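User: Could you walk me through the reasoning behind some labels used for this structure? I would like to see how each value meets its cut-off.
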Amino acid sequence: MNIREASIADCEGIAKVHLESWRTTYAGLVSDSYLAGLTLEGRMRNRLWAFNNPHPDQITLVAEEANGRIIGFVDAGKSREPDWGYEAEVYAIYLLQEAQGQGHGRRLFAAARDMMKDRSYSSLMLWVLKDNPSLHFYTRLGGEVIASKEIQIGEQLLPESAIGWKSI
């Protein structure tokens, strides 16, 4: 597996990972009707918009197989919650289900963390649905639950946890 900075040419591969990851990871957490309404075209539109309108200091990295197939991605940049004392934030990190449990997520997260550190950020946070099995992935990486809130996804209000690393 190779990790590299994404380009606009990667939008379709990233959108596919995003769509499939939502459908597998959030099945049983997010309503079936909401998940069924997600489309590749919608995810591609969102991805193109993100490439054309990046957050300050935002990075997008992709994890790809030797054949160039994208199996994961991470978006990170300046924290959207600076008053909480965390400078950087992972906005999104997703892997295809078949790529999970092989160390790819750890490597992808570490690459994003290291890029944020190289840009002089010293702390990091992210948000994860409280019932997402990946919550334990982040705590195993040394993150601590620092806050919670409810977010609306479709018609549902779902609990979300903030995970933080005071030092990266």
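Analyst: Gladly! This is a predicted model. A good place to start is the lining of the largest pocket, whose residues divide into 23 nonpolar, 17 polar and ten charged.

User: How large is that pocket, and which residues sit closest to its centre?

Analyst: The largest pocket has a volume of about 1400 Å³. Among its 50 lining residues, Tyr26, Ala92, Ile93, Tyr94 and Tyr138 come closest to the centre.

User: Which element gives the most to the lining?

Analyst: That is E4, with seven residues. Several other elements supply at least two residues each, including helix H1 (11-25), helix H3 (40-52) and strand E6 (144-153).

User: What makes Phe109 and Tyr138 an aromatic pair, and why is the pair called tilted?

Analyst: Their ring centres are 6.5 Å apart and their planes meet at 55 degrees. Rings pair if their centres lie within 6.5 Å, and planes under 30 degrees apart count as stacked, over 60 as edge-to-face and the rest as tilted, so this pair is tilted. The pair also links distant parts of the chain, with Phe109 in helix H4 and Tyr138 in helix H5, 29 residues apart. By the pairing rule, the count comes to seven aromatic pairs, and Phe109, Phe137, Tyr138 and Trp165 form one aromatic cluster.

User: Why are Phe109 and Tyr138 called buried?

Analyst: Buried means under 20% relative accessible area. Phe109 has 2%, so Phe109 is buried. Tyr138 has 6%, so Tyr138 counts as buried too.

User: And why does Gly101 count as exposed?

Analyst: The cut-off for exposed is over 50%, and Gly101 has 86% relative accessibility, so the label follows. Gly101 lies in the loop between E4 and H4. Gly101 and Ser134 are 33 residues apart in sequence and 11 Å apart in space, C-alpha to C-alpha.

User: What is notable about the phi of Ser120, and is the residue buried or exposed?

Analyst: Phi of Ser120 is near 75 degrees, a positive value in a residue other than glycine. Most residues other than glycine have a negative phi. Ser120 lies in the loop between H4 and E5, and its 64% relative accessibility is over 50%, so Ser120 is exposed.

User: How do you know that Lys149 sits over the ring of Trp127?

Analyst: The charged end of Lys149 is 4.3 Å from the ring centre of Trp127. The rule asks for a distance within 6 Å and a position within 35 degrees of the ring normal, so the distance passes, and the label tells you that the angle does as well. Arg43 lies over the face of Trp22 in a comparable entry, at 4.9 Å from the ring centre, also within 6 Å.

User: What makes E7 a pairing partner of both E5 and E6?

Analyst: Two strands pair if there are at least two bridges between them. E5 and E7 have six bridges and run antiparallel, while nine bridges join E6 to E7, also in the antiparallel sense, so both counts satisfy the rule. Leu124 has Trp165 in E7 as its bridge partner, and Lys149 stands opposite Glu160 in E7. In the hairpin of E6 and E7, two residues lie between the strands, and Gly154 takes a positive phi near 65 degrees.

User: Why is strand E7 described as mostly covered?

Analyst: Strand E7 spans residues 156-165, and seven of its ten residues are buried. Each of those seven falls under the 20% cut-off, so "mostly covered" is a fair description of E7.

Technical notes. Residues are numbered from 1 along each chain as its sequence is written. This is a predicted model: local features need pLDDT of at least 70, side-chain atom pairs count only at pLDDT 80 or more; totals for chains, interfaces and linings use all residues. Side-chain values use heavy atoms; hydrogens and water are left out. On a 1 Å grid over the protein atoms alone, a cavity is a set of points where a 1.4 Å probe fits but cannot get out, and a pocket is an open set with protein on both sides within 12 Å along at least five of seven lines; lining residues have an atom within 4 Å of a point. Grid points are joined across faces, edges and corners, and a volume is the space filled by probe spheres set on the points. Helices (H or I, at least four residues) and strands (E, at least two) are DSSP runs, numbered from the N terminus. Ala, Val, Leu, Ile, Met, Phe, Trp, Tyr, Cys and Pro count as nonpolar, Asp, Glu, Lys and Arg as charged, and the others, Gly among them, as polar. Buried means under 20% relative accessible area, exposed over 50%, partly exposed in between (1.4 Å probe, protein chains only). Rings of Phe, Tyr and Trp (its six-membered ring) pair if their centres lie within 6.5 Å; planes under 30 degrees apart count as stacked, over 60 as edge-to-face and the rest as tilted.
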